[in-house]
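Student: Please take me through one part of this structure at close range. I would like the aromatic contacts and the packing around them, set against the whole fold.

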Amino acid sequence: MEKYYGIQYLRGLAAFLVIVYHSMVMSVVSPYFSNPVGEFGVDIFFVISGFVMWVTTESKKNNTLSFWISRIFRVIPLYWVFTLSIVLAAILVPSLFFNSRGLDLLFILKSFLLIPTLNPDVGDITPVYTIGWTLVYEMFFYFIFGLSLFLKEIKKRIAFIFISVGGLTCCGMFFDFKGPVLSTYTNPIMLEFLAGVWLGYFRSYLLKASVKVGGGLVILSFTILLTCNADQTSRFWIYGIPAFMMVAGVVSLENFFNRNISKLPLFFGEISYSLYLSHPVSQRIWYVVFVIIFGQILNKNLAICYFLGSVVVGITGGIVCYYLLEKPFLRFGVRKINFKRPVNT
């Protein structure tokens with residue numbers, strides 16, 4: 001099976017960027033950081049997801065049901081742990097939250113099932129564990145991708161994926177859907193998964209590119225991402241396209257990465273899901289501890305101290321989460337349900 005070390009490195013970087021971003025945008029420190037960076041880590045994740053799903057299934061006989069089971073088992077258990085922790089915290093320690101956390105049972109059920117729904121506490125389309133909004137898109141992409149596996153011919157399969165996802169996003173561009181389900185599944189951000197699939201399909205050409213081309217793509221895309229800001233309506237065009245360029249550049253550099261394997265970036269790529277999913281909880285705990293020790297954050301210096309500690313705590317929490325939760329879940333899946341974790345996922 002093909003292994004892409006550069007993609008693993010990039011996964012770790014994307015998770016780190018999201019941790020940095022969330023360390024800057026919490027309401028009590030955001031006034032001190034006028035240009036928070038790192039939100040585009042999510043867009044890099046989406047492109048990587050499309051790439052990895054294509055590469056890991058392209059040359060194998062794949063069963064749709066087994067694919068769905070493996071994806072559900074990969075994503076859901078850890079997400080449920082943190083969703084349940086938020087629900088319990090809202091009941092037992094409501095003072096931990098800046099926004100109230102309602103206990104509407106239908107909303108909680110939809111959150112566990114990753115069904116798009118309006119969050120009554122923050123007013124947007126997010127589950128009770130708000131960072132799970134990305135998993136809503138991931139699971140819908142896995143649903144469509146799984147359907148494509150019924151088609152055995154590669155060209156028919158990729159055509160189905162592009163027509164399905166592309167058609168939905170085109171509808172979203174022409175029609176102003178108001179409901180949470182339709183507005184989510186027609187969002188142009190879904191095109192980022194298609195961009196990853198496209199890169200996976202044409203990866204043989206990328207692997208022939210020179211180091212200069214690959215390095216140039218990475219530097220150019222990262223520069224664009226650091227200097228631009230997007231909202232949800234412009235996100236694909238401002239973040240998604242440079243994220244596509246970045247993943248393309250990293251794949252182009254794979255021959256270099258393969259000859260120069262670095263264990264630390266590889267490790268952070270391995271634990272990227274734990275880093276991503278656990279860091280909001282870790283950072284909230286850090287905020288409570290910080291206020292107890294230093295008091296309320298009322299100046300720039302305290303905000304910077306909080307930010308630095310928040311990044312460190314977010315990473316530390318991810319490492320702990322990986323060893324205590326994610327890794328045991330993966331072992332259980334391999335042992336009990338014959339779950340095979342694809343490389344780079």
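Tutor: What follows starts with the whole chain, moves to the aromatic pairs, and then follows the packing outward.

The model is predicted. The protein has 15 helices and 0 strands. Its C-alpha trace spans about 60 × 45 × 45 Å along the principal axes. The radius of gyration is 20 Å, which agrees with the value near 20 Å for a compact globule of 345 residues. Buried residues account for 51% of the 345. Take the contacts between residues at least 6 apart in sequence: 76% of them join residues at least 24 apart. The accessible surface comes to about 16,200 Å², and 70% of that belongs to carbon and sulfur atoms.

Now the rings. The structure holds 37 aromatic pairs. One of them joins Phe 267 and Phe 268, edge-to-face, with 5.7 Å from centre to centre and 65° between the planes. An angle over 60 degrees is what puts a pair in the edge-to-face class. Phe 267 is partly exposed, at 24% relative accessible area. Phe 268 is also partly exposed, at 23%. The cut-off for buried is under 20%, so neither residue counts as buried.

Next, the pair of Phe 290 and Tyr 306. This pair is edge-to-face as well, with centres 5.9 Å apart and planes at 85°. Phe 290 belongs to helix H14 (residues 272-294) and Tyr 306 to helix H15 (residues 300-336), so the pair ties together parts that are 16 residues apart in sequence. Both Phe 290 and Tyr 306 are buried.

Tyr 306 leads to helix H1. Ser 23 lies in that helix and is buried, at 0% relative accessibility. Beyond its neighbours within four places in sequence, Ser 23 contacts Val 29, Gln 283, Tyr 306, Phe 307, Ser 310 and Val 311. Tyr 306 therefore has a ring partner in helix H14 and a contact with Ser 23. The C-alpha atoms of Ser 23 and Phe 45 are 19 Å apart, with their places 22 residues apart along the chain.

After helix H1 comes a loop. Pro 36 lies in this loop, between helix H1 (5-25) and helix H2 (41-57). Pro 36 is partly exposed, at 24% relative accessibility. Setting aside residues up to four places away in sequence, Pro 36 touches Tyr 21, Met 24, Val 25 and Asn 229. The C-alpha atoms of Pro 36 and Leu 226 are separated by 9.4 Å, although the two are 190 residues apart along the chain.

Rings also take charged partners here. Lys 300 lies over the face of Phe 33, 4.9 Å from the ring centre. Helix H15 covers residues 300-336. The charged end of Arg 71 sits over the ring of Tyr 142, at 5.3 Å from its centre.

Then the nonpolar core. The largest core has 94 residues, and Ile 44, Phe 145, Val 247 and Leu 277 touch the most other members. Consider Leu 277. Leaving out residues up to four places away in sequence, Leu 277 touches Leu 78, Tyr 79, Phe 82, Tyr 129, Ile 131 and Leu 135. Tyr 79, Phe 82 and Tyr 129 are among the partners of Leu 277.

Two loop residues add detail. Leu 114 is in the loop between helix H4 (105-112) and helix H5 (133-148). Its phi is near 55°, a positive value in a residue other than glycine. Most residues other than glycine have a negative phi. Leu 114 is buried, at 5% relative accessibility. Leu 253 sits in the loop between helix H11 (235-252) and helix H12 (254-259). Leu 253 is buried too, at 10%. Outside its neighbours within four places in sequence, Leu 253 contacts Val 211, Gly 214, Gly 215 and Val 218. Lys 212 is 41 residues from Leu 253 along the chain, yet their C-alpha atoms are separated by 8.9 Å.

One glycine closes the tour. Gly 167 is in helix H6 (residues 154-174). Gly 167 is partly exposed, at 30% relative accessibility. Gly 167 and Thr 186 are 19 residues apart along the chain, and their C-alpha atoms are separated by 8.4 Å.

Notes
Residues numbered from 1 in each chain as written. Predicted model: local features only at pLDDT ≥ 70, side-chain atom pairs only at ≥ 80, totals over all residues. Heavy atoms only, no water. Phe/Tyr/Trp six-rings, centres within 6.5 Å; stacked < 30°, edge-to-face > 60°. Buried < 20%, exposed > 50% of the residue type's maximum accessible area, 1.4 Å probe, protein only. Helix = DSSP H or I, 4+ residues; strand = E, 2+ residues; numbered from the N terminus. Lys NZ or Arg CZ within 6 Å of the ring centre and 35° of its normal. Core = buried A, V, L, I, M, F, W, Y, C linked by side-chain atoms within 4.5 Å. Contact = heavy atoms within 4.5 Å. Rg over C-alpha atoms; globule rule 2.2 N^0.38 Å. Areas by Shrake-Rupley, 256 points an atom, 1.4 Å probe, with all protein chains shown as cover.
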